[in-house]
Each structure stands twice: as C-alpha cells, then as structure tokens.
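Thanks, everyone, for making the time this morning. I would like to take you through one model, beginning with a single position and working outward from there to the whole chain.

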Amino acid sequence: MTLPLQFCRTCGAAQYPSRDACRVCLSDALEVRDETVTGTVVSEGTIHRSLDPALVAGGPLRIGAVASPLGVRIIALLAPGVAAGSCVILSPCPDRPGAIIAHPAQQVQAS
Ligand SMILES: [Zn+2]
C-alpha cells in the first residue's frame, strides 16, 4: 500500500503538502514517487458540516493528523478502528479523489 508523496531530489526530505521548493533546503528539484507511508495518529476530529456538501456526504467524516517518520504530519481520513495513538499506514482514498485515508497498520499487515 503506497501513497504518492513529493520528495526533494537534493536532500531527500518528504514534502507535505506538495510545494514548489523543499521545506528543508529550498531546492526546487522535487519529484513525486509512490512510497509506503506509516505513522501515528496524533490528533483526531469529526467534520459534521462543511461548505462543500460533497465533503460530508454519507455522514460525518473522522479526520486526523498523522505524524510520519518521514518528518511530515499528514491530514487523513480515519478508517474504522483508527483513533489517536493508532499506528497507521496511509493510502489514497478510493472513493474520495485527492483524499488520503489512514488504515490500522496491523490490519493491513495481516491481510
Ligand atoms: Zn531538500
């Protein structure tokens, strides 16, 4: 399970969100590559209402900030069973283009 993520070709730092220059060395030599991204959910919340109705279609959305060992914190939807403190693996959300979803790391490794 991989996630397309932007990296600096000069220093190797991961970038999130994507940007025009590296957050560490300011190089503009950036590339997107598919990477296995794991992390720990450090905060969570629920969106009940939004100015974009498509955002909450199908019920409230649980979201969280995921601290990755790559040095970035990534905002992701939380799959069932994921809460603050959970170890997760991130992937693109199949039914919400552009969104990222956090799955329990143990569940993914077992399947
Ligand atoms: Zn860099």
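Let me begin with Ser-50, which counts as exposed because it has 12 other C-beta atoms within 10 Å, and 12 or fewer is the cut-off for that class. I should say at once that this is a predicted model, so please hear everything that follows as computed from predicted coordinates. Where does Ser-50 lie? Ser-50 belongs to the loop between strand 4 and strand 5, and its C-alpha is 9.7 Å from that of Pro-60, a residue ten positions away in sequence.

The two strands on either side of that loop lead us into the barrel. Strand 4, residues 37-47, and strand 5, residues 61-67, run antiparallel and are joined by seven bridges, one of which can be placed through Thr-46, whose bridge partner in strand 5 is Arg-62. Strand 5 is in turn joined by five bridges to strand 6, residues 73-78, again antiparallel, and here Gly-64 has Ala-76 of strand 6 as its bridge partner. Strand 5 and strand 6 make a hairpin with five residues between them, and in the turn Gly-71 has a positive phi of about 95°.

Further along the chain, strand 7, residues 87-92, and strand 8, residues 100-104, are antiparallel and share five bridges, with Pro-92 partnered by Ile-100 of strand 8. Taken together, these strands form a closed barrel of five, in the order 4-5-6-8-7, with mixed pairing. The twist from one strand to the next averages 50°.

What is the strand order in the open sheet? This sheet has three strands in the order 2-1-3, with antiparallel pairing. Strand 2, at 14-15, and strand 3, at 30-35, stand at the edges with a single partner strand each, so one side of each has no neighbour in the sheet. Strand 1, residues 3-8, is joined to strand 2 by two bridges and runs antiparallel to it; Phe-7 has Ala-14 in strand 2 as its bridge partner.

The loop between strand 2 and strand 3 deserves a slower look, and a reminder helps here: most residues other than glycine have a negative phi, and most peptide bonds are trans. Pro-17 is found in this loop, and the peptide bond joining Tyr-16 and Pro-17 is cis, with omega about -5°. Leu-26 is also placed in the loop between strand 2 and strand 3, and Leu-26 has a positive phi of about 65° although it is not a glycine. Is Leu-26 buried or exposed? Leu-26 counts as exposed, because it has 11 C-beta neighbours inside 10 Å.

Let me finish with the chain as a whole. The protein chain has one helix and eight strands, and read from the N terminus the order of elements is β-β-β-β-β-β-β-β-α. Its C-alpha atoms fill a box of roughly 40 × 35 × 25 Å along the principal axes. The radius of gyration is 15 Å, which agrees with the value near 13 Å for a compact globule of 111 residues. Of those 111 residues, 20% count as buried, and of the contacts with a separation of 6 or more, 43% are between residues 24 or more positions apart.

Definitions and conventions. Residues are numbered from 1 along each chain as its sequence is written. This is a predicted model: local features need pLDDT of at least 70, side-chain atom pairs count only at pLDDT 80 or more; totals for chains, interfaces and linings use all residues. Two strands pair if DSSP finds at least two bridges between them. Helices (H or I, at least four residues) and strands (E, at least two) are DSSP runs, numbered from the N terminus. Axes are lines fitted to C-alpha atoms, for helices over the stretch in contact, and angles run from 0 to 180 degrees between N-to-C directions. The radius of gyration is taken over C-alpha atoms; the globule rule is 2.2 Å times the number of residues to the power 0.38. Two residues are in contact if their C-beta atoms, placed from the backbone, lie within 7 Å.
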